[in-house]
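Got the model open in your viewer? Let's take a walk through it, one selection at a time.

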Amino acid sequence: MTVNIGVIGTGAIGRDHMRRITQTLAGGAIVAVSDVNRGAAEASLAALDLDGEVFATGAELVASPKVDAVLVTSWGGAHEPDVLSAVKAGKPVFCEKPLATTAQGCRNIVEAEIAGGRRLVQVGFMRRYDAGYRMLKTMIDAGTIGAPLMVHGAHRNPTVGANYTTDMAIHDTLIHEIDVLRWLLDDDYRSVQVVFPRRTPNAREGLRDPQVVMIETVKGVRIDVEIFVNCVYGYDIQCEIVGETGIARLPEPMSIQTRSGARLSNEILVDWKDRFIDSYDVELKDFLAAAARGTASGPTAWDGFAAAVAADACVKAQGSGAIEPVAMPERPAFYAFGA
Ligand code: NAI
Ligand code: ISE
């Protein structure tokens, strides 16, 4: 069966997902697009030589009988209404992170999904599909390093756009660690604190970069994650789990080692698209397979909500400098299958 997909938001990642559905994966076809910039929607079809329909709004696209399932890849602040429309229409929807930019927005989606009685939402937390993170999880779950005690992480981008703000380091960037560490550790968060080291002169005026986020989990694991979005040298994701009897590190992406000019070296990637290219493929393969059955799998709307609750606490901690509690409600039975 071919799942007919409508894409809302045809910018960088929207187009990348359109390419993978059209050229890399089996089981899906792009039949409709919508973007507040109509020219971008038209260009996204032309770039792939597709002849889909362009809709003026996400709501009209969702309502179209041509569309079986929806990809929401617009700006984070625009996700909620389109995800809600898809859920209310009973159509599976893949939504890029963040599910919504507020915890309340995510909660609205959770409630709509529960009311419909069927899982329909997959959140684009693609790191759960990354081979390296999966190996880490297998090792932790097997008890190879004993119970996790501490996690040291880093999320470094070479540079960011002119509209990137200090709180986006949480909602847009750290959100990946917030989700993947909760999944890796099978734990929830208790409190967070954010500290700001000396500022890099490479950040645009007004942007506080780097930042260090410290998180305590319910089981007592201490996590520190450096977010440094103007690190200049490359796109670099680090994760080290310190357990009772050993240490497990996220593997580096595969790269050719060279010996040249009296140097031994490995290239470092510079773009998130390349670093997680395989995981984006696998997450969408998962989405297509579930959508063909009229449902969704992978990271849930509840995971999107949990990430937003922790992110809100981190943004509060950026301003207060204090240790802020993460007030996470109990997980509804509807989502009992996932960590
Ligand atoms: P972008 O700015 O390149 O593209 C966003 C597109 O959405 C633009 O074409 C814009 O005109 C359109 N848009 C905005 N509001 C809209 C609305 N209400 N209806 C229809 N179209 C609308 O942004 P990018 O980088 O593609 O990011 C999109 C989303 O994907 C964001 O939520 C971002 O956080 C997420 N993302 C996820 C990544 C990952 O690693 N999983 C990587 C990059 C982005
Ligand atoms: C971007 O939106 C992403 O999701 C990337 O994975 C992340 O590294 C970057 O910081 C975000 O801006």
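Select ligand 2 first, and show the residues around it: K97, H155, N157, D172, T173, H176, Y235 and W272, where "around" asks for a heavy atom within 4 Å. Before going further, keep in mind that this is a predicted model, in which local features need pLDDT of at least 70 and side-chain atom pairs count only at pLDDT 80 or more, while totals for chains, interfaces and linings use all residues. Residues are numbered from 1 along each chain as its sequence is written, chains are lettered from A and ligands numbered from 1 in the order in which they are written, and side-chain values use heavy atoms, with hydrogens and water left out.

Now turn on polar contacts, meaning pairs of N or O atoms within 3.5 Å (within protein, one must be able to donate a hydrogen and the other to accept it, and residues adjacent in sequence count only if both atoms are side-chain atoms). K97 puts a polar side-chain atom 2.8 Å from an oxygen atom of ligand 2. T173 does so at 2.7 Å, and for Y235 the distance to a ligand 2 oxygen is 2.7 Å. On its own, ligand 2 has 300 Å² of accessible area, and the protein covers 85% of it (Shrake-Rupley method, 1.4 Å probe; for residues, only the protein chains shown count as cover).

Which helix should you colour next? Pick α7, which gives the shell around ligand 2 its largest share, three residues; helices here are DSSP runs of H or I with at least four residues, strands are E runs of at least two, and both are numbered from the N terminus. By class, that shell has two nonpolar, four polar and two charged residues (Ala, Val, Leu, Ile, Met, Phe, Trp, Tyr, Cys and Pro are nonpolar, Asp, Glu, Lys and Arg charged, and the others, Gly among them, polar).

Move on to ligand 1. Of the 24 residues around it, I13, D35, W75, K97 and Y280 come nearest. Zoom in on the ligand 1 oxygens: a polar side-chain atom of Y280 lies 2.6 Å from one, W75 has such a contact at 2.8 Å, and D172 has one at 3.1 Å. Ligand 1 taken alone exposes 840 Å², of which the protein buries 82%. Colour α1 (12-24) and α7 (168-185), each of which supplies at least two residues of the ligand 1 shell. That shell holds ten nonpolar, ten polar and four charged residues.

Next, click on K97 once more and step along to P98: a cis peptide bond joins the two, with omega about -10°. P98 is in the loop between β5 (93-95) and α5 (103-116). Is P98 buried or exposed? Buried, at 7% relative accessible area (buried is under 20%, exposed over 50%, partly exposed in between, with a 1.4 Å probe and protein chains only).

For another cis bond, select D209 and P210, where omega is about 0°. P210 sits in the loop between β8 (189-195) and β9 (211-217).

Last stop: backbone torsions. Most residues other than glycine have a negative phi, and most peptide bonds are trans. V232 has a positive phi, near 75°, and lies in the loop between β10 (222-228) and β11 (236-243). A262 has a positive phi too, near 60°, in the loop between β13 (257-260) and β14 (263-266). V232 is exposed, at 55% relative accessibility, and A262 is exposed at 88%.
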